[in-house]
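Here's a quick tour of a protein model for anyone new to reading structures. Have the 3D view open and follow along, topic by topic.

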Amino acid sequence: MSQFSVPWKPRSEVRYGFLSRVIIAIAAAIYAIFKPVVSRFPGLVAWAVLILSCLLVWAHAVIFDYVDETILRAAADQDITRPVIQFGSPSTWGYAPSTIEPLLAGAGMGSGFASLCKYALWPLQFIIVRDLIILAALFALFGLVPAYAIWWERKVAGRIQSRTGPMRVGGWHGWAQSLADGLKLVLKEDLVPDEADKPLFRVAPYLALIPAALAFVALPFGVGWVFRELDVALVFILAMLGIEVVGVIVGGWASNNKWSVYGAMREACQMVAYEIPMGMALLVPIVCAGTLSLREIGEMQSGGWFSWLAFSNPFAFIAFVSYVIASLASVKRAPFDLPESESELVAGFHTEYSGYRWGIFFLAEYAAMFVVGALASVLFLGGWNSPLPSSWAASWGDGWIARIAEGILFGGPLWFIAKAFGFVYLQMWLRWTLPRIRIDQVLYACVQVLLPLTMLLLIGTALWVWALESSGFAVFSSIVSVILGLIGLVFAFGFLGIAGYGFYNQRRLVGRLNTDLLSGS
């Protein structure tokens, strides 16, 4: 075999230190312990992790309420006004552990246990500490959503293409494939082209990632389940999604590659164009609700399936469909994936990226897919409310069991996340079903179809809301709402029927790769 040379110097051998060897040994031990359990009981482990995550999130809210009742409110009732430290805002004052201990003992906690808990509960009286804890949980969800969605899309793509998708890494259906890919990307060499604008090339992925992460801050996962409740939460989220295009444009331009520049320019045209009809479609439920607060909009839809804003009038129903189409262009999903279009631009705006920075672009894309799905859920499809009216749970009391049952059956963060992931699945389904359209068709669909359509929908909604002041028209509006709700039920059950049919047939896929074929294939 002939020798060849490369234009760069070979890297020196990497020698692992003591700490690195300890981390590797711990990782290997954890893998050896949990692999047999996960491989043998994958479904049980998945449900256990989900339930444990929900209990941990719920436990932090219970502990915060306990600190408010036992320490802050009790201290105020006893006129204990001895501040010792100040964190956060000027109104956030803390009490020393020696002051907290008798308050805990007075609330029924044993003296020995109170002496231990006073140090653990002392930081929780500061707003900044609570914010850091909630942010950690929120950004953990932000990291888990893309990891799960990437694995899920590979399984969906395999199913549509008569394949099984990932099946080996981690055991059951290759559940650890995303973790393996993430480790691979982190360990790969971070290459920067010689002729690229190096500072901008390095910062571009973060310009795409950070806005998608900040959008999670204003998303209401339920009543009281929002990091920052904003009166203009919708405007804030749309602004964050709009900034993502800057990262794509900067990354394409800084690469000094014509294919990357083509992809970046396509993204600029597409995003700037489709943000207008997408925003116009989202104004329709805002006009129906009369507020920009996402929490208030979600609470308005707690009356069950027929109270959801998508079924409030025909204009809102069509606006929902228009938003779904525009959101595909917003997150660069097929048939609007022209900024990447690997068949003609190699890989589009991220052609020159590799390793960790390449992965950041895709983390931002999948996180944005979840955000647009969450917006559709809260503005059109009831938010965190289930199809059952929440008034049915009014007689269940206020105990822990009643609260858990109410959160599962009538509304809570689980419903919100499930609806958002339903939209993520819809985007995946379309991605592997529809062909890519040309850039002129993309702009034609926006400027000459969606834009005038959403304008007419907004005007029609305003007239409909104005006409609701008449009692006779209110009765007609209720009849129309029921009809639209029934149409929505047909689509929902049809969707579930298709999914159930595929699950029932399991490995009996259509195609020559399988021996057990469906009838008629």
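Helices here are DSSP runs of at least four residues, numbered from the N terminus. With that naming in hand, start at asparagine 256, which sits in the loop between helix H8 (233-254) and helix H9 (258-289). Keep in mind that this is a predicted model, so let's check its confidence early on.

**How confident is the model?**

- Across the protein, pLDDT averages 82, and 85% of the residues score at least 70.
- Helix H11 (residues 314-330) is where confidence is highest, at a mean of 93, while strand S1 (residues 85-86) is where confidence is lowest, at 43.
- Over residues 82-92, pLDDT stays under 50, and the model has 23 contacts beyond four places in sequence for this stretch.

**A helix with a kink**

- Helix H1 covers residues 18-40, which makes 23 residues.
- From its first C-alpha to its last, H1 reaches 34 Å, close to the 33 Å expected at 1.5 Å a residue.
- Look along H1 for a kink of about 35 degrees at phenylalanine 34. Proline 36 follows shortly after that kink.

**Two loops worth a look**

- Back at asparagine 256, phi is near 55 degrees, a positive value in a residue other than glycine.
- Which peptide bond is cis, with omega near 10 degrees? That's the one from alanine 334 to proline 335.
- You'll find proline 335 in the loop between H11 and helix H12 (342-345).

**Cavities inside the protein**

- How many cavities of 30 Å³ or more are there? The count comes to 2.
- The largest cavity holds about 50 Å³ of space. Its lining is made up of Tyr323, Val324, Ser327, Leu328, Val372, Gly373, Phe423, Leu426 and Gln427.
- Three elements each give two or more residues to that lining: H11, helix H13 (355-380) and helix H15 (413-431). The largest share, 4 residues, comes from H11.
- Sorted by class, the lining of the largest cavity has 6 nonpolar and 3 polar residues, with no charged ones.
- The second largest cavity has a volume of about 40 Å³. Around this second largest cavity you'll spot Ala218, Pro220, Val226, Glu229, Leu230, Ala233, Leu294 and Arg295.
- The lining of the second largest cavity has 6 nonpolar residues and 2 charged ones, but no polar residues.

Conventions
Residues are numbered from 1 along each chain as its sequence is written. This is a predicted model: local features need pLDDT of at least 70, side-chain atom pairs count only at pLDDT 80 or more; totals for chains, interfaces and linings use all residues. Side-chain values use heavy atoms; hydrogens and water are left out. The expected span of a helix is 1.5 Å times one less than its number of residues. The bend at a residue is the angle between axes fitted to the seven residues ending there and the seven starting there. pLDDT is the predictor's confidence in each residue, from 0 to 100. Contact means heavy atoms within 4.5 Å. On a 1 Å grid over the protein atoms alone, a cavity is a set of points where a 1.4 Å probe fits but cannot get out, and a pocket is an open set with protein on both sides within 12 Å along at least five of seven lines; lining residues have an atom within 4 Å of a point. Grid points are joined across faces, edges and corners, and a volume is the space filled by probe spheres set on the points. Ala, Val, Leu, Ile, Met, Phe, Trp, Tyr, Cys and Pro count as nonpolar, Asp, Glu, Lys and Arg as charged, and the others, Gly among them, as polar.
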